[in-house]
Amino acid sequence: MEKNLELPDLLRLIDERSVAFRAAVAAAPSLDAQVPTCPGWTLFDLVKHLGGGDRFWAAIAGAGPADAPPAEAVEERAALEVPREREALLAWLDASTQLLLGALREAGPESGCWTWWPASQSPQTTGGVARHRVQETGVHTYDAELAGGAAQPLPVEVALDGVEEFLFTVCGTPSAWPHKPTAFDFHSAEGRSWRLRVDGDGARTARIPAPTAETGEDLEAAGASVHGTASELVLYLYDRIQADSLRVDGDAGLLDLLRAWEPEEK
């Protein structure tokens, strides 16, 4: 079983994706360019969102264990003002990322902190925050590239961890699945697979063996199985591409039920 990425790798990936994000913003024809995958947002709005998020989570990481995010951080994010000129905006964004990286590095991976995912399978730690910020930055880099007309797949290292991070963090819940119990399998072309089980006890994910000619029949069949590259799976989970961009075996309608499900407790 492959291990999860450790903090130095997570910080490296946040930094690498942030550099790619800034490059996409620098190359875009205008900060007023529309972001197709974030309806109603311009590229400027996306930069403000990502940089504001970096600063918000930096404050959370620095605050330690808490039942809520620091009030000052919430107020600052609500009243956030950023430069309108592109070069100054990019410098502000770089500074925002460095604040986040510094806060996460200083706290270390095991420090407790507030998160919005207490009922999930992901820990309420700065390591959990770092792992999620890799994905926030990676997916928004795709958004920024798309706004400029040349989106690239997520790097394999980011995407492979991203499928599991999404399933553990966003899908994990103790709230009862309101339909017949079932399972969803996600198979990446890079050779890693996961099963999301949903039933009266909620939703939980685990890694499973990748299907092969020898092992493909060993596992009880899932209600729906989704196959694609790791990047495609992440982009599907974050609603950037549709299921028809992937190969779906089984009952594709179950994916619509999963998408529409809003658990009472997250």
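**View 1. Thr-115 in the loop between α4 and α5.** In this predicted model, Thr-115 is found in the loop that runs between α4 (86-107) and α5 (126-147). With a relative accessibility of 2%, Thr-115 counts as buried, because the limit for that class is under 20%. The side chain of Thr-115 has two polar partners to look for in this view: one of its polar atoms lies 3.2 Å from the backbone nitrogen of Trp-117, and the side chain also makes a polar contact, at 3.2 Å, with the side chain of Gln-124. When neighbours within four places in sequence are left aside, the residues in contact with Thr-115 are Trp-57, Gln-124, Thr-125 and Val-129.

**View 2. Packing of helix α2 against helix α5.** Helix α2 (residues 43-63) packs with α5 at an angle of about 170°, and their axes are 11 Å apart. The two helices are therefore roughly antiparallel to each other, since angles over 145 degrees fall in that class. From α2, the contact is made by Leu-43, Leu-46, His-49, Leu-50, Gly-53, Asp-54, Trp-57 and Ala-61, while α5 contributes Thr-126, Val-129, Arg-133, Glu-136, Thr-137, His-140, Asp-143, Ala-144 and Ala-147. By residue class, the contact of α2 with α5 divides into 8 nonpolar, 5 polar and 4 charged residues. Trp-57 of α2 and Val-129 of α5, which both take part in this contact, are also among the residues that Thr-115 of the first view is in contact with.

**View 3. Arg-84 in the loop before α4.** Arg-84 lies in the loop between α3 (71-78) and α4. Its relative accessible area is 63%, so Arg-84 is exposed, the limit for that class being over 50%. Residues up to four places away in sequence not being counted, Arg-84 touches Leu-31 and Phe-44. Arg-84 and Leu-31 are separated by 53 residues in sequence, yet their C-alpha atoms are 8.7 Å apart in space.

**View 4. The largest nonpolar core and a second core apart from it.** The largest nonpolar core holds 53 residues, of which Phe-184, Phe-186 and Leu-196 touch the most other members. Helix α6 (residues 156-171) gives the most to this core, with 7 residues. Around Phe-184, and not counting residues up to four places away in sequence, the residues touched are Trp-177, Trp-194, Arg-195, Leu-196, Val-198, Ala-222, Ala-224, Leu-254, Leu-255 and Leu-258. Apart from the largest core lies another one of 20 residues, including Ala-28, Cys-38, Val-47 and Leu-80.

**View 5. Helix α7 and the residue Asp-239 that comes after it.** Of the 8 residues of helix α7 (residues 230-237), 7 are buried, so this helix is largely enclosed by the rest of the structure. The buried residues of α7 are Ala-230, Ser-231, Leu-233, Val-234, Leu-235, Tyr-236 and Leu-237. What covers them includes the helices α5, α6 and α8 (253-260), together with the strands β1 (182-188) and β4 (224-228). Just after α7, Asp-239 takes a positive phi of about 65°, and this residue lies in the loop between α7 and β5 (247-250). Most residues other than glycine have a negative phi. At 44% relative accessibility, Asp-239 counts as partly exposed, whereas Leu-237 of α7 is buried.

Methods:
Residues are numbered from 1 along each chain as its sequence is written. This is a predicted model: local features need pLDDT of at least 70, side-chain atom pairs count only at pLDDT 80 or more; totals for chains, interfaces and linings use all residues. Side-chain values use heavy atoms; hydrogens and water are left out. Helices (H or I, at least four residues) and strands (E, at least two) are DSSP runs, numbered from the N terminus. Buried means under 20% relative accessible area, exposed over 50%, partly exposed in between (1.4 Å probe, protein chains only). A polar contact is a pair of N or O atoms within 3.5 Å; within protein, one must be able to donate a hydrogen and the other to accept it, and residues adjacent in sequence count only if both atoms are side-chain atoms. Contact means heavy atoms within 4.5 Å. Axes are lines fitted to C-alpha atoms, for helices over the stretch in contact, and angles run from 0 to 180 degrees between N-to-C directions. Angles under 35 degrees count as roughly parallel, over 145 as roughly antiparallel, 65 to 115 as roughly perpendicular and the rest as oblique. Ala, Val, Leu, Ile, Met, Phe, Trp, Tyr, Cys and Pro count as nonpolar, Asp, Glu, Lys and Arg as charged, and the others, Gly among them, as polar. A nonpolar core is a set of buried Ala, Val, Leu, Ile, Met, Phe, Trp, Tyr and Cys residues joined through side-chain atoms within 4.5 Å.
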